Amino acid sequence: MNTKNLVLMALLVSVGATLYVVIPGINGGMKPDFMLTMMFVGILLFPNVKNVFLLAVTTGVLSGLFSTFPGGFFPNVIDKFITAFVFLALVMILKKFVTKLPVTIALVAIGTLLSGAIFLSAAIFVIGANIPFTLLLVTVVLPAVLLNGVAFAFIYPIVITLVKRSKFETAATPAA
């Protein structure tokens with residue numbers, strides 16, 4: 001693995017963790033997961049299994065540690081792991097179209113919706129949480145889809161510009 005890529009992925013995860021901690025909770029303290037947004041950026045920059053595995057594990061563990069959801073550690077780890085690899089599969093399938101910002105925003109929205117559904121399902125089935133799935137999907141996950149899409153629309157072009165200026169070689173910035 002390339003050290004530069006590891007450092008960039010660590011920076012993305014740390015920015016996501018900072019946003020996750022700083023953003024106030026909604027609907028009883030649940031928070032939109034901006035670590036997820038940064039994980040998606042990392043997957044778009046480094047779309048291979050090793051990097052996606054690292055991003056999934058680190059964002060899952062950190063999201064779990066910072067979770068305000070009771071018993072939210074394991075659902076976060078499960079959610080990030082599944083979501084990361086489904087997102088990678090979508091990126092690989094839509095490889096030709098991923099260079100267009102509207103397509104990537106749509107992928108982030110789909111990934112966020114999937115992540116929220118997996119998290120809630122894992123919370124219900126793994127830890128036995130007695131939560132209203134549909135209510136939380138509508139009141140927490142759908143606003144998170146919107147917030148993550150908007151955040152991604154601002155963050156991704158900035159990251160791509162910085163990556164190009166720093167001469168990183170990623171899937172989003174092939175070597176000349």
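**Helix packing and the nonpolar surface**

With a relative accessible area of 0%, F40 is buried. That holds for a predicted model, as does everything else described here. The ring of F40 is a handy way into the fold, since aromatic pairs turn up in several places. A pair of rings of this kind is described by the distance of the centres and the angle of the planes.

The count of aromatic pairs comes to five. One of them joins F40 and F87, whose rings are stacked, with 4.2 Å from centre to centre and 25° between the planes. F40 sits in helix α2 (residues 34-45) and F87 in helix α4 (residues 73-93), so this pair ties together parts that are 47 residues apart in sequence. F87 is buried too, because its relative accessible area of 1% falls under the 20% cut-off. A second stacked pair is made by F152 and Y156: the ring centres are 4.8 Å apart and the planes meet at 15°, so the pair falls in the stacked class. Here the partners share an element, as both belong to helix α6 (residues 133-165) and are four residues apart, about one turn of the helix. F152 has 0% relative accessibility and so counts as buried; Y156, at 10%, counts as buried as well. Elsewhere, ring pairs link F53, F81 and F85 into a cluster.

F152 also takes part in a contact with helix α2, the element in which T37 lies. Beyond the residues up to four places away in sequence, T37 touches N148 and F152. T37 is tucked away from the surface, since its relative accessibility of 1% makes it count as buried.

Stepping back to the whole chain, the secondary structure is easily told: there are six helices and zero strands, and from the N terminus on the elements run α-α-α-α-α-α. Among contacts between residues at least 6 apart in sequence, 69% join residues at least 24 apart. Of the 176 residues, 44% count as buried. The chain exposes about 8,800 Å², and carbon and sulfur atoms supply 75% of that area.

How do the annotated spans sit on this helical chain? According to the unreviewed UniProt entry, the annotation "transmembrane region" covers residues 6-23, 35-57, 77-94, 101-127 and 133-159. Two of these spans make a useful pair to look at. Residues 101-127 are 93% helix and 0% strand, with the end C-alpha atoms 37 Å apart. Over residues 35-57, the chain is 87% helix and 0% strand, but the end C-alpha atoms are 12 Å apart.

Helix α3 (residues 49-66) holds L62. The relative accessible area of L62 is 26%, so this leucine is partly exposed. Leaving aside neighbours within four places in sequence, L62 is in contact with V13 and M35. The C-alpha atoms of L62 and G16 are separated by 9.6 Å, although these residues are 46 residues apart along the chain.

L65, also in helix α3, is exposed, because its relative accessible area is 58% and the cut-off for exposed is over 50%. Where does this leucine end up on the surface? L65 is part of a nonpolar patch that also includes V21, V22, F53, V57, V61, F66 and F81, with about 670 Å² of accessible area together. The elements giving two or more residues to the patch are α1 (3-22) and α3. Of the contributors, α3 gives the most, with five residues. Two patch members, F53 and F81, come up again in the ring cluster with F85.

Charged partners make for a brief story. The structure holds one salt bridge. K80 forms it with D79, and the closest N and O atoms are 3.0 Å apart. As for their setting, K80 and D79 are both buried.

Key. Residues numbered from 1 in each chain as written. Predicted model: local features only at pLDDT ≥ 70, side-chain atom pairs only at ≥ 80, totals over all residues. Heavy atoms only, no water. UniProt positions renumbered as here; feature names shortened; annotations may be inferred. Buried < 20%, exposed > 50% of the residue type's maximum accessible area, 1.4 Å probe, protein only. Contact = heavy atoms within 4.5 Å. Patch = residues over 30% accessible without salt bridge, like charges linked within 9 Å, V, L, I, M, F, W, Y side chains within 5 Å. Areas by Shrake-Rupley, 256 points an atom, 1.4 Å probe, with all protein chains shown as cover. Salt bridge = Lys/Arg side-chain N within 4 Å of Asp/Glu carboxyl O. Phe/Tyr/Trp six-rings, centres within 6.5 Å; stacked < 30°, edge-to-face > 60°.
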